[in-house]
Amino acid sequence: MLLLSSLFSSSSSSPHSRLLLLRLHIHLRRSISSSPPPSPSPPPLLDLPLSHPIYTIWASNTGLGKTLVSTGLAAATLLSPFPSSDSAKFIYIKPVQTGFPSDSDSAFVFRKFSQLVLRRRPSFAVSASNHVLKASASAAEAVLGFGSEGEGELRDLGAYEERRLLGEEWAAGAASELTCKTMYAWREAISPHLAVEREGGAVPDKVLLEVLGRCLRIGSEDGRGRMDVWSVVETAGGVASPGPSGTLQCDLYRVPVLVLPPVPQDPSDNLMEWFDKSQAVFSSLKEIMLSVYSERIQRFHDMPKRAGDIFWWPFTQHKLVPEETVTVIDSRCGENFSVHKVQNNDFIAQQFDACASWWTQGPDATLQIELARDVGYAAARFGHVMFPENVYEPALECAELLLEGVGKGWASRTFFSDNGSTAIEVALKMAFRKFSLDHGIILDSTDPNTIGKFIEVKVIALKGSYHGDTLGAMEAQAPSSYTGFLQQPWYTGKGLFLDPPTIFMCDGIWKLSLPEGVQSEKLKQEELTFQSRGEFFSKSRDGSSLAGSYSSFISQQLSAYSGLRGFGHIGALIIEPVVHGSGGMHMIDPLFQRVLVNECRSRKIPVIFDEVFTGFWRLGAESASELLCCQPDIACFAKLMTGGIIPLAATLATDAVFNAFAGDSKLKALLHGHSYTAHAMGCTAAVKSIKWFKDPQTNSNITSEGRLLRELWDAELVHQISSHPAVQRVVALGTLFALELQAEGSNVGYGSLYARSLLLKLREDGVYLRPLGNVIYLMCGPCTSPETCSQLLIKLYRRLEEFKPS
């Protein structure tokens with residue numbers, strides 16, 4: 001949908017001249033509040049038909065000419081010869097009207113257009129109508145002449161007038177039709193949100209947009225050609241004007257300027273001569289708008305092929321992506337994509353970003369606007385500046401927030417980098433230096449006799465973990481689809497990779513699956529099943545017989561590998577705490593990871609937590625270390641740290657790790673960095689996002705203690721899905737819900753296409769997903785409402801009921 005914004009300002013040539021500034025934009029943006037309500041509801045969704053041009057007209061205040069432009073466009077569209085058809089339709093919609101009925105923009109358009117028809121006398125039939133849908137009690141009384149019960153509520157006004165202006169034999173010739181609608185009206189001529197306070201008749205954004213959507217679809221349902229139907233939505237004020245709920249209206253781009261003749265100052269002037277003088281300008285405006293609309297539609301249709309011809313998408317087998325399945329994303333607002341769809345007609349549809357754009361996204365619509373504003377300010381103030389030995393406010397505040405938040409109680413230093421994989425590379429360097437220093441095996445880098453010498457250092461990690469795609473990070477993870485010869489011929493796997501126990505829900509019960517080697521004969525049944533998540537996260541399990549079995553298993557593995565000839569040293573433990581992301585959304589038993597951390601600590605092996613995926617409330621807590629009830633020596637963060645709007649990563653470390661790099665020679669320092677280390681835009685975005693997520697005033701999902709998210713996934717629905725015969729296991733924690741489909745053979749694993757048909761159906765339902773083989777997941781943001789999450793689960797369950805593997 002094109003947004004047309006008008007603004008009149010004084011011309012230097014004449015005190016009465018006005019400039020009409022037009023702003024065209026490519027999609028409808030929802031009204032967004034500058035400060036969110038205490039309990040924000042999910043952003044409303046509006047599917048926009050693209051079967052005909054739709055424009056929105058704005059001006060910075062009342063009396064600046066929005067309605068004149070609407071009337072001029074209606075006349076230019078309906079009263080000119082038809083190039084290709086025998087009829088045309090112009091739909092004028094005024095969603096919000098104040099000062100009614102003495103001031104009615106739809107009535108103005110209706111009257112002035114009718115006068116222009118009689119003045120120009122076209123050679124074809126013309127009709128016009130004006131309809132007012134609902135009004136406040138006081139506005140309705142002014143129209144009807146009597147009051148009614150239910151003070152404070154909107155009335156179904158039912159005001160309707162229609163005129164057949166020229167032509168008697170309607171079926172015999174061409175016809176033009178003007179349809180004017182006022183959706184909601186209030187009597188006082190004040191800002192809509194103030195009118196609601198004084199007169200009542202509140203209209204939630206969602207309801208307003210639903211009604212607007214129905215009005216817009218009028219033009220797409222009568223089978224007319226794309227160029228013969230126009231819709232214009234005239235707003236109440238400018239881009240920053242509040243609507244009935246108090247939320248702001250929109251942000252726009254600026255485009256060409258068209259000059260209109262001076263508007264007559266005489267109130268008695270009926271403006272007919274002014275419209276005649278303006279006819280050429282409005283005709284040019286119409287052509288500009290139509291050209292932009294046509295070009296936009298053509299771009300939508302061309303983009304999939306253009307993308308397929310030149311893109312090399314990551315993690316994608318291009319032979320498996322037909323052109324018609326490429327998703328054309330026009331924009332995003334909060335958690336939703338606006339995507340181009342083609343069925344009987346083109347339209348813009350809303351899809352919930354259920355993969356959180358590769359786990360980076362968390363902002364609601366309001367935070368997205370705030371981030372854009374703050375990042376723009378940082379770009380204008382700083383651009384990019386050098387970081388080594390320098391300080392500037394965004395980097396300093398970001399580092400302090402990280403140490404006071406995810407690093408609280410253990411970290412003292414923040415090292416910035418550009419992405420999660422690089423943060424892991426930095427962490428490995430840190431850990432290996434600390435290990436070498438603690439075990440007296442560090443080489444003197446200033447001694448020329450040590451050049452070319454090295455000590456074999458490896459990691460201990462878990463099978464199924466994933467730490468990034470850079471070469472060093474890949475060496476720190478077990479063999480997988482990501483590390484095979486086809487992907488990384490250099491891969492050797494520099495580590496001891498343990499098979500971890502996992503926890504999942506099946507048939508409504510949380511169950512524990514143990515790897516081979518863990519003694520289970522003496523374990524009690526209550527140690528293998530759990531009625532709630534709280535049970536397996538509890539520290540009380542530390543004294544259980546299962547904890548002893550874990551400790552024995554880990555000790556045996558460490559002892560066996562340390563005795564192997566040429567194996568080298570285990571210089572670091574690296575784990576994804578609680579949940580393995582890319583490895584299939586497996587939940588690792590927290591007790592096992594806690595025991596593993598303690599066993600490594602007893603051997604002076606530094607501990608790295610890879611929280612690129614799990615950090616910043618992704619799992620319901622600011623840091624997954626809170627869920628594990630233990631702390632690392634080094635931890636890596638990215639993705640949600642900036643709200644996903646821009647890349648930035650951080651590696652946090654203890655004083656002891658930092659001091660391992662202290663010395664008189666620069667060669668002993670951490671020689672690692674990036675051109676855009678601690679860039680101001682990323683740090684600014686991180687500061688805003690971290691504060692927003694943890695503040696109950698901006699994130700209603702944060703509990704009163706400010707530490708945990710409230711439960712987002714409905715327990716009954718989770719149980720129901722876990723009991724479905726097509727489902728093997730379910731994991732639900734924080735913003736994550738994942739399930740593995742029952743499958744066998746080649747239908748299991750990352751390369752599986754087993755879930756494809758299910759995903760395509762869910763996309764039809766407005767849920768955008770990407771699978772991990774036969775594992776599919778829904779991921780929301782820290783601010784997503786539980787109501788939205790429930791709707792996602794309901795849609796998923798309905799599609800599971802009809803699921804037939806592809």
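A residue counts as buried when its relative accessible area is under 20%, and that cut-off is worth keeping in mind from the first selection onwards. The model is a predicted one, and the stops below move from an enclosed strand to a helix pair, then to an open sheet, and finally to salt bridges.

**Stop 1: the whole chain**

With everything displayed, the chain shows 21 helices and 31 strands. Of its 806 residues, 54% are buried. If you draw the contacts between residues at least 6 apart in sequence, 73% of them join residues at least 24 apart.

**Stop 2: strand β15 and its partners**

Select residues 346–353, which form strand β15; eight of the eight residues are buried, so this strand is largely enclosed by the rest of the structure. Next add residues 336–342, strand β14, which pairs with β15 in the antiparallel sense over seven bridges, and look for His-340, which stands opposite Ile-348 of β15. The connection from β14 to β15 is a hairpin of three residues.

Two further strands can then be added to the view. Strand β5, residues 48–49, is antiparallel to β15 and is paired with it over two bridges, with Pro-49 opposite Phe-347. Strand β30, residues 767–768, pairs with β15 in the parallel sense, also over two bridges, and here Val-767 is the bridge partner of Phe-352.

**Stop 3: helices α1 and α7**

Hide the strands and select residues 66–78 for helix α1 together with residues 279–310 for helix α7; their axes come within 9 Å and cross at roughly 80°. Angles from 65 to 115 degrees count as roughly perpendicular, and α1 and α7 are therefore roughly perpendicular to each other. To see the contact itself, show the side chains of Leu-68, Val-69, Gly-72, Leu-73, Ala-76 and Thr-77 on α1, and on α7 those of Phe-282, Ser-283, Leu-285, Lys-286 and Met-289. Coloured by class, this contact has seven nonpolar, three polar and one charged residues.

**Stop 4: the open sheet of seven strands**

Move on to the open sheet whose seven strands follow the order β16-β27-β26-β25-β22-β17-β18, with mixed pairing. Which strands stand at the edges? They are β16 (413–417) and β18 (495–498), and each has a single partner strand, so one side of each is left without a neighbour in the sheet. From one strand to the next, the twist averages 20°.

At the β16 edge, select residues 649–653 as well, since this is strand β27, which runs antiparallel to β16 and is joined to it by five bridges; Phe-416 stands opposite Ala-650 of β27. Helix α10, residues 393–404, packs on the sheet here, touching β16 and β27, and its direction makes about 125° with that of β16. For the other edge strand, β18, select helix α14, residues 545–562, which lies across β17 (457–462), β18 and β22 (569–575) and runs at about 155° to β18.

**Stop 5: salt bridges**

The model has a count of 28 salt bridges, of which three pairs and one network are visited here.

Begin with Glu-234 and Lys-94, whose closest N and O atoms are 3.3 Å apart. Glu-234 belongs to strand β11 (residues 229–234) and Lys-94 to strand β7 (residues 87–97), so the pair ties together parts that are 140 residues apart in sequence. Is this pair buried or exposed? Glu-234 is buried, at 0% relative accessible area, and Lys-94 counts as buried at 4%.

Next, select Glu-456 and Lys-494, which meet in a salt bridge of 4.0 Å, N to O. Glu-456 sits in the loop between α11 (420–438) and β17, and Lys-494 in the loop between α12 (471–475) and β18, 38 residues apart. Here Glu-456 is partly exposed at 26% relative accessibility, and Lys-494 is partly exposed at 34%.

The third pair is Arg-729 with Glu-740, at 2.6 Å from N to O. Arg-729 lies in strand β28 (residues 727–733) and Glu-740 in strand β29 (residues 736–741), eleven residues apart. Arg-729 is buried with a relative accessible area of 4%, while Glu-740 counts as buried at 11%.

For the last selection, take Glu-370, Arg-373, Asp-374 and Lys-688, which salt bridges with shared partners join into one network.

Methods. Residues are numbered from 1 along each chain as its sequence is written. This is a predicted model: local features need pLDDT of at least 70, side-chain atom pairs count only at pLDDT 80 or more; totals for chains, interfaces and linings use all residues. Side-chain values use heavy atoms; hydrogens and water are left out. Axes are lines fitted to C-alpha atoms, for helices over the stretch in contact, and angles run from 0 to 180 degrees between N-to-C directions. Helices (H or I, at least four residues) and strands (E, at least two) are DSSP runs, numbered from the N terminus. Angles under 35 degrees count as roughly parallel, over 145 as roughly antiparallel, 65 to 115 as roughly perpendicular and the rest as oblique. Contact means heavy atoms within 4.5 Å. Ala, Val, Leu, Ile, Met, Phe, Trp, Tyr, Cys and Pro count as nonpolar, Asp, Glu, Lys and Arg as charged, and the others, Gly among them, as polar. Two strands pair if DSSP finds at least two bridges between them. A salt bridge is a side-chain nitrogen of Lys or Arg within 4 Å of a carboxyl oxygen of Asp or Glu. Buried means under 20% relative accessible area, exposed over 50%, partly exposed in between (1.4 Å probe, protein chains only).
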